Amino acid sequence: MFNKWFEVSAYPFEESLTVMIRDITASKIQHLTQALEKEVLEMNTAGSFPLKVVMDHLLSGFEKIHYGLKTSLGIVDKINNKLNRISAPAMPELYALTNTDDSDLGSGKSPCVQAAVEGSEIYVQDILKEEIAADYREILLSYNIRSSRTIPVKNKNKEVIAVFTIFNNGHKHALKEETCLIQRLGTIIQLLLENFQSKKDLELSNERHQLIMHATSDSIWDFNLKTKQVYRGKGFEKYYDQKAGLELIDARKWEHNIHPEDAERVEGNLEKALNNKTTNTWIEEYRYLKKDGSYALVIDKGFIVRDTNNQAHRIVGALQDITEIKKNQEKLVQSEENYKNMFSNNPTPMWTYDMDSKCFTMVNDAALALYGYTREEFLQLDLFTIRIGEDHQKLRKHLRSKAFLEDLNISQEWTHLKKDKTKMIVDVVSHPLLINGRRSRLVAIKDITEKK
């Protein structure tokens, strides 16, 4: 150490004075170090100080305790692959090197970059002689710096998150001897950085949560099974007859806004899910009271959080109004049913086929009667099977035509074959449609053999 503290005691003895001097350097340094660590941890906990201010306070305090030492700190920026110097309280000129290529982890050759890349300590014993310190030599010599020790700071995953350097002014071997004080400084830097990153992650998570709540029509909720408190997002206040925020529901059932006819079923299924230690999800559809007094049909999806014994202690979920979705689904089902009835019972022979495979996908009773196949047999066929061989080339050309490829309505005469190989001349009218998201065509057939 470069500072020395002594305790001086004087005792009268007969006609003289006895003076005792005791070296208290170790205990004094420990006391000052603990006080400094307490200060920076309190600053960090307060959350109102930027990281640079906290680190400047830590490093400048360290320099005051250990006279003759100077320090700097760089943070690893993984996104930009750089080392960003954020603190060098006694040597502000070092900041001028922050934006140079020397801070690039891919090509930089400084002790700091080397320590960050290799994850090991870099000791420069003589600034005047060693090439690795060449870019810093002029600045360091202006402060009478002769040696340095650069130490990587690693997180719990053994990844380098920062490097700090301790410089001294001529005591070349002191930096190698003071391992304990350097490790202690590294530990406090690690704690500060990880805590700062955790707060940034939490702030980002909270911001993302708020944005999601604003962007979605879902109503977010969080039920703490231990404290019997439920948190409801703003969606509950906007769409339903409940206030947003925390509510203690020990005296009231959580499902008090569920339709009375659904409440028992919903509560029972939730209890089953919570008591089933092998499940972490719960989904239920029910009716929920809206602000206007009507009931919305909702789907409620919850994720169950369990402790190490698989006991449920929290469930987080989202309530979504699916009233209109259900209505549209019912209309679609009814529309499809009506279409199928109209298709199946139509006296005109009809079928559908897939435009890519050219295979039939649906056929009505009138077409089956005309061609003589059973439904199962007909659905095994394709466009070529029911045509005479002379028309196959014509059909291929037709399938490559502009009208066909552009999904236009088409009317054309063809010679078709029945199951018994009887030929018939038919007028074929087709128009495009989508079936289960696939390009298809609906075909209506008119037998014009006798007319011809």
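These legends walk through several close-up views of a predicted model.

**View 1. The whole protein before we zoom in.**
Let's get our bearings first. The protein runs to 452 residues, and 40% of them count as buried. Along the chain you'll meet 13 helices and 18 strands. Now take the contacts between residues at least 6 apart in sequence: 46% of these join residues at least 24 apart.

**View 2. The largest nonpolar core.**
This core has 28 residues. The members that touch the most other members are M55, L58, L73, F164, L185, I189 and L193. Who contributes? Helices α1 (25-46), α2 (51-65) and α6 (179-215) each supply at least two residues of the core, and so do strands β3 (69-77), β6 (147-154) and β7 (160-168). Pick out I189 and look at what surrounds this residue: leaving aside residues up to four places away in sequence, I189 touches M55, L58, L73, V153 and F164. There is also a second, separate core, made of 25 residues, with F360, A367, F378 and I410 among them.

**View 3. L41 on helix α1.**
L41 sits in helix α1. Is L41 buried or exposed? Something in between: its relative accessibility is 36%, so L41 counts as partly exposed. Not counting residues up to four places away in sequence, L41 touches I188 and L192. It's also worth finding V54, which is 13 residues from L41 along the chain; the C-alpha atoms of the two are 8.6 Å apart.

**View 4. The largest pocket.**
The largest pocket holds about 600 Å³ of space. Its lining is made of 21 residues, and the closest to the pocket centre are I75, V76, I161, Q197 and K200. Two or more lining residues come from each of α2, β3, β4 (82-87), β7 and α6. Which element gives the most to this lining? That's α6, with seven residues.

**View 5. Helix α3 and its cover.**
Helix α3 covers residues 111-118, and its buried residues are P111, C112, V113, A115 and A116. What covers these buried residues? The cover includes the strands β3, β4, β5 (122-124), β6 and β7. Step just past the end of α3 and you reach G119, where phi is positive, at about 70°.

**View 6. K78 in a loop.**
K78 belongs to the loop between β3 and β4. The relative accessibility of K78 is 54%, which is why this lysine counts as exposed. Now look for V160, 82 residues away from K78 along the chain: the C-alpha atoms of these two residues are separated by 9.9 Å.

**View 7. Two lysines with positive phi.**
Start with K228, in the loop between β8 (219-224) and β9 (229-232). Although K228 is not a glycine, its phi is positive, at about 60°. K228 has a relative accessible area of 35%, so it is partly exposed. Next comes K358, in the loop between β14 (350-354) and β15 (360-363). Phi of K358 is also positive, near 65°, and K358 is a residue other than glycine. Is K358 buried or exposed? With a relative accessible area of 17%, K358 is buried, because the cut-off for buried is under 20%.

**View 8. Aromatic rings, and charges over them.**
The structure holds 11 aromatic pairs. As a bit of background, a pair of aromatic rings is described by the distance of the centres and the angle of the planes. One aromatic cluster is formed by F236, Y239, Y240, Y286 and Y288. Over the face of F236 lies R232, at 5.9 Å from the ring centre. Elsewhere in the chain, look for W414: R387 lies over the face of this ring, at 4.5 Å from the ring centre.

**View 9. G293 in a loop between strands.**
G293 is part of the loop between β11 (281-289) and β12 (295-306). At 47% relative accessibility, G293 counts as partly exposed. Its partner in this view is D241, which lies 52 residues from G293 along the chain. The C-alpha atoms of G293 and D241 are separated by 8.0 Å.

Methods: Residues numbered from 1 in each chain as written. Predicted model: local features only at pLDDT ≥ 70, side-chain atom pairs only at ≥ 80, totals over all residues. Heavy atoms only, no water. Phe/Tyr/Trp six-rings, centres within 6.5 Å; stacked < 30°, edge-to-face > 60°. Lys NZ or Arg CZ within 6 Å of the ring centre and 35° of its normal. Core = buried A, V, L, I, M, F, W, Y, C linked by side-chain atoms within 4.5 Å. Buried < 20%, exposed > 50% of the residue type's maximum accessible area, 1.4 Å probe, protein only. Helix = DSSP H or I, 4+ residues; strand = E, 2+ residues; numbered from the N terminus. Contact = heavy atoms within 4.5 Å. 1 Å grid on protein atoms, 1.4 Å probe; cavity = no way out; pocket = protein on both sides within 12 Å on 5 of 7 lines; lining within 4 Å. Points joined across faces, edges and corners; volume = space filled by probe spheres on them.
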